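Colleague: I have the file open and would like to go through it with you before lunch. Could you take me through it piece by piece?

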Amino acid sequence: MTTQPAIRVGDIFAQGAGIAGRSRAVLAGFALGMSLVSSVLSFMTDDMPGIGVEMAVSSVAGYFLFWQVLATEGLLEGSRSRGAGFMAYAAISFITSVAGLLGLVLLILPGLILIARWSLAGALAVARGSSVLPALAESWRLTRGSTWPIVGFLAVVCVAFAAVLLPLGIYAAISEEAANIGVAQQIVEFLGNIASYGLSALISCGTVALFALLVDRDERVAAVFA
């Protein structure tokens with residue numbers, strides 16, 4: 001398969017918006033469901049165990065959300081069943097998260113570049129059944145030439161996260177410091193969870209948009225010249 005011409009940031013947002021519109025019920029269900037899980041766990045468990053359980057639940061729920069969006073867009077290869085590729089997807093998510101976080105801590109740009117170059121690996125594992133290392137390598141190849149538009153997309157997403165969650169986080173911190181943990185703060189935390197998981201769901205749509213723009217197009221071109 002050949003490396004495709006670069007895409008534009010607007011292409012990712014336009015494609016992602018259409019995908020989000022077609023999967024809006026699933027996205028809303030994910031954001032609301034995970035927000036409820038987070039709220040219940042905050043009442044039932046201590047901070048660290050609760051965070052661990054929430055991360056595990058969100059990882060599984062995020063996978064099934066990703067699978068459903070890919071299925072809705074007709075991007076799953078053959079009859080890929082729910083659960084297919086989950087272990088590879090989880091391993092790739094862990095690798096890209098750790099590598100990206102280290103890059104972001106050292107200097108923001110390297111982290112964004114790593115995340116951009118490996119952004120298709122999870123989708124390749126779920127939709128095509130690729131194992132971990134081949135998926136990472138193929139994602140690196142396919143995103144060559146489109147790295148900066150993807151970095152631009154990720155930068156906009158980071159700004160959106162900060163704009164939505166930072167004010168809510170400041171309010172929660174002030175309320176906790178003042179020992180004013182009441183219904184108002186719980187509502188703000190719940191709204192913050194909805195915003196956070198809603199943005200995460202939209203990021204999944206952006207990843208599926210990248211998959212459609214780069215992987216699906218690459219495979220169609222290869223089929224023409226096969």
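**Walking through the helices**

Modeller: Let me begin at one helix: on the other side of α1, away from its buried residues, A14 and R22 are exposed. Please keep in mind that this is a predicted model.

Colleague: And which residues of α1 are buried?

Modeller: The buried residues of α1 are I12, G16, I19 and A20. Seen down the axis of α1, these buried residues fall within an arc of 100 degrees, so they line one face of the helix.

Colleague: How far apart are the end C-alpha atoms of α1, and what span should its residues give?

Modeller: Helix α1 covers residues 9–22, and at 1.5 Å a residue its 14 residues should span 20 Å; the end C-alpha atoms are 20 Å apart, which agrees.

Colleague: OK, zooming out. How many helices and strands does the protein chain have?

Modeller: The protein chain has nine helices and zero strands, so to speak a pattern of α-α-α-α-α-α-α-α-α when read along the sequence. Of the 226 residues in the protein chain, 39% are buried. Among contacts with a separation of 6 or more, 76% are between residues 24 or more positions apart.

Colleague: What about the largest nonpolar core, which residues have the most contacts inside it?

Modeller: That core has 50 residues, and those with the most contacts inside it are L70, L120, V126 and F211. Helix α9, residues 183–225, gives the most to this core, with 11 residues.

Colleague: Pick L70, then. What does L70 touch?

Modeller: Leaving aside residues up to four places away in sequence, L70 touches L75, L76, V126, A127, V208 and F211. Two of these partners, V126 and F211, are also named among the residues with the most contacts inside the core.

Colleague: Switching to pockets: what is the volume of the second largest pocket, and which residues lie nearest its centre?

Modeller: The second largest pocket has a volume of about 220 Å³. Its lining is made of 14 residues, of which F13, F153, V157, L202 and I203 lie nearest the centre. The elements that give two or more residues to that lining are α1, α8 (147–177) and α9.

Colleague: Since α8 came up, is A162 buried or partly exposed?

Modeller: A162, which is found in helix α8, is partly exposed, with a relative accessible area of 38%. In space, A162 and S196 are 10.0 Å apart, C-alpha to C-alpha, although 34 residues separate them in sequence.

Colleague: And A61, where is that, and what does A61 touch?

Modeller: A61 is found in helix α3, residues 47–72, and it counts as partly exposed at 23% relative accessibility, because the buried class ends under 20%. Not counting residues up to four places away in sequence, A61 touches F30 and M34. The C-alpha atoms of A61 and F30 are separated by 7.3 Å, with these positions 31 residues apart along the chain counted as their separation.

Colleague: Last one: which helix holds V40, and how far is V40 from E54 in space?

Modeller: V40 lies in helix α2, residues 24–44, and counts as partly exposed at 43% relative accessibility. V40 and E54 are 10.0 Å apart in space, C-alpha to C-alpha, and 14 residues apart in sequence.

Technical notes: Residues are numbered from 1 along each chain as its sequence is written. This is a predicted model: local features need pLDDT of at least 70, side-chain atom pairs count only at pLDDT 80 or more; totals for chains, interfaces and linings use all residues. Side-chain values use heavy atoms; hydrogens and water are left out. A nonpolar core is a set of buried Ala, Val, Leu, Ile, Met, Phe, Trp, Tyr and Cys residues joined through side-chain atoms within 4.5 Å. Buried means under 20% relative accessible area, exposed over 50%, partly exposed in between (1.4 Å probe, protein chains only). Helices (H or I, at least four residues) and strands (E, at least two) are DSSP runs, numbered from the N terminus. Contact means heavy atoms within 4.5 Å. The expected span of a helix is 1.5 Å times one less than its number of residues. The arc is that of the directions from the helix axis to the C-beta atoms. On a 1 Å grid over the protein atoms alone, a cavity is a set of points where a 1.4 Å probe fits but cannot get out, and a pocket is an open set with protein on both sides within 12 Å along at least five of seven lines; lining residues have an atom within 4 Å of a point. Grid points are joined across faces, edges and corners, and a volume is the space filled by probe spheres set on the points.
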